[in-house]
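Morning, everyone. I have one structure to walk through today, so let's put it on the screen.

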Amino acid sequence: MPRDVRSGFARRLATLVVTGFVTASVALAADVYLAPASFLAGAFDGDVPPAQRLWLTGPVKDGVRDILGHDLGSLRIRYWQRGERTAWILEEIGKDQPITTGLVVDAGHLSDVEVLIYRESRGWEVRYPAFTDQFKGAILDEGLRLDRHIDGITGATMSVDALTRLARLALYFHTQANT
């Protein structure tokens, strides 16, 4: 094989390899909309209480499975509480990647839902208040469902479903932490 053909092939191969690495790194990139520490500071007016732990055993674990459709994959979950207000930083898979979400429950009602870190390639519209404000004031019914319908977003169905499950989970955890 002539030298100029080999060097042309090597250049094309190197270009493909570099393009593959760039594409993979973009696909794995996470959009950090709000740092978890900043979310907690906002939830408690800058005076964040110490973290507490809720153990996921027995009936609590069963409730998690009912809400998510799977186990959470840990034995305990951290949360922050002052009075009747709790803050939770939870993750659930949208389509392929976890969506990190901050949720505040005040006296048994959701008062804030914020997407903190989004890793999916589409469906990021769930981070906007036009979507997340639907959760404000929501409570759980006896069947561990939200007391209201959450409107979806075209092209973001899996992300919408993930955030809805997380809202239910935060409300459920709040009741477990306060019993």
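Let me start with a question: is Ala107 buried, partly exposed or exposed? It counts as partly exposed, because its relative accessibility is 39%, and partly exposed runs from 20% to 50%. Keep in mind that this is a predicted model. Ala107 sits in the loop between β5 and β6. Its phi is positive, near 55°, and the residue is not a glycine.

Now compare a second loop residue. Leu144 lies between α4, residues 129-132, and α5. Its phi is near 60°, again positive in a residue other than glycine. Is Leu144 buried or exposed? Leu144 is buried, because its relative accessible area is 18% and the cut-off for buried is under 20%.

Let me step back to the whole chain. There are 179 residues, and 36% of them count as buried. The chain has 5 helices and 6 strands. From the N terminus, the order reads α-β-α-β-α-β-β-β-β-α-α. The accessible surface is about 10,200 Å². Carbon and sulfur atoms own 55% of that surface.

Next, contacts along the sequence. Take the contacts between residues at least 6 apart. Of these, 59% join residues at least 24 apart.

On to the helices, with α2 up front. Helix α2 covers residues 36-43. Which of its residues are buried? They are Phe39, Leu40 and Ala43. Those three cover an arc of only 95° around the axis, so they fall on the same side of α2. Here is the background: an α-helix has 3.6 residues a turn, so residues three or four places apart point the same way. Turn to the face of α2 away from the buried side, and you find Ala37 and Gly42, both exposed.

What do the buried residues of α2 pack against? They pack against four strands: β3 at 76-82, β4 at 85-93, β5 at 98-106 and β6 at 109-118. Just after the helix, Asp45 takes a positive phi of about 50°.

Let's look at two strand residues that belong with that packing. First, Ala87, in strand β4. It counts as buried, because its relative accessibility is 0%. Its contacts, leaving out residues up to four places away in sequence, include Phe39, Leu40 and Ala43. Those are the buried residues of α2. Ala87 also touches Phe44, Tyr79, Trp80, Leu103 and Val104. How far apart are the C-alpha atoms of Ala87 and Phe39? They are separated by 9.0 Å, with the two positions 48 residues apart along the chain counted as their spacing.

Second, Asp112, in strand β6. Asp112 is partly exposed, since its relative accessible area is 21% and buried needs under 20%. Beyond four places in sequence, Asp112 touches Phe39, Gly102, Leu103 and Val104. Its C-alpha lies 8.3 Å from that of Ala43, and the pair is 69 residues apart along the chain.

Now helix α3, residues 58-68. Its buried residues are Val60, Gly63, Val64, Ile67 and Leu68. They cover an arc of only 115° around the axis, so they too lie on the same side of their helix, α3. The face turned away from that side carries Pro59 and Asp66, both exposed. The buried residues of α3 pack against β2, at 51-55, and against β4 and α5. Right after α3 comes Gly69, with a positive phi near 85°.

Last topic: the largest pocket. How much space lies in it? About 260 Å³. It is lined by 13 residues. Closest to its centre are Lys95, Asp96, Glu120, Ser121 and Arg122. By type, the lining divides into 3 nonpolar, 5 polar and 5 charged residues. Which element gives the largest share of that lining? Helix α5, residues 157-177, with 3 residues.

To recap: the buried residues of α2 pack against β3, β4, β5 and β6. Those of α3 pack against β2, β4 and α5. And α5 gives the largest share of the lining of the largest pocket. That's my slot. Over to you.

Note on methods: Residues are numbered from 1 along each chain as its sequence is written. This is a predicted model: local features need pLDDT of at least 70, side-chain atom pairs count only at pLDDT 80 or more; totals for chains, interfaces and linings use all residues. Side-chain values use heavy atoms; hydrogens and water are left out. Buried means under 20% relative accessible area, exposed over 50%, partly exposed in between (1.4 Å probe, protein chains only). Helices (H or I, at least four residues) and strands (E, at least two) are DSSP runs, numbered from the N terminus. The arc is that of the directions from the helix axis to the C-beta atoms. Contact means heavy atoms within 4.5 Å. On a 1 Å grid over the protein atoms alone, a cavity is a set of points where a 1.4 Å probe fits but cannot get out, and a pocket is an open set with protein on both sides within 12 Å along at least five of seven lines; lining residues have an atom within 4 Å of a point. Grid points are joined across faces, edges and corners, and a volume is the space filled by probe spheres set on the points. Ala, Val, Leu, Ile, Met, Phe, Trp, Tyr, Cys and Pro count as nonpolar, Asp, Glu, Lys and Arg as charged, and the others, Gly among them, as polar. Accessible areas come from the Shrake-Rupley method with a 1.4 Å probe; for residues, only the protein chains shown count as cover.
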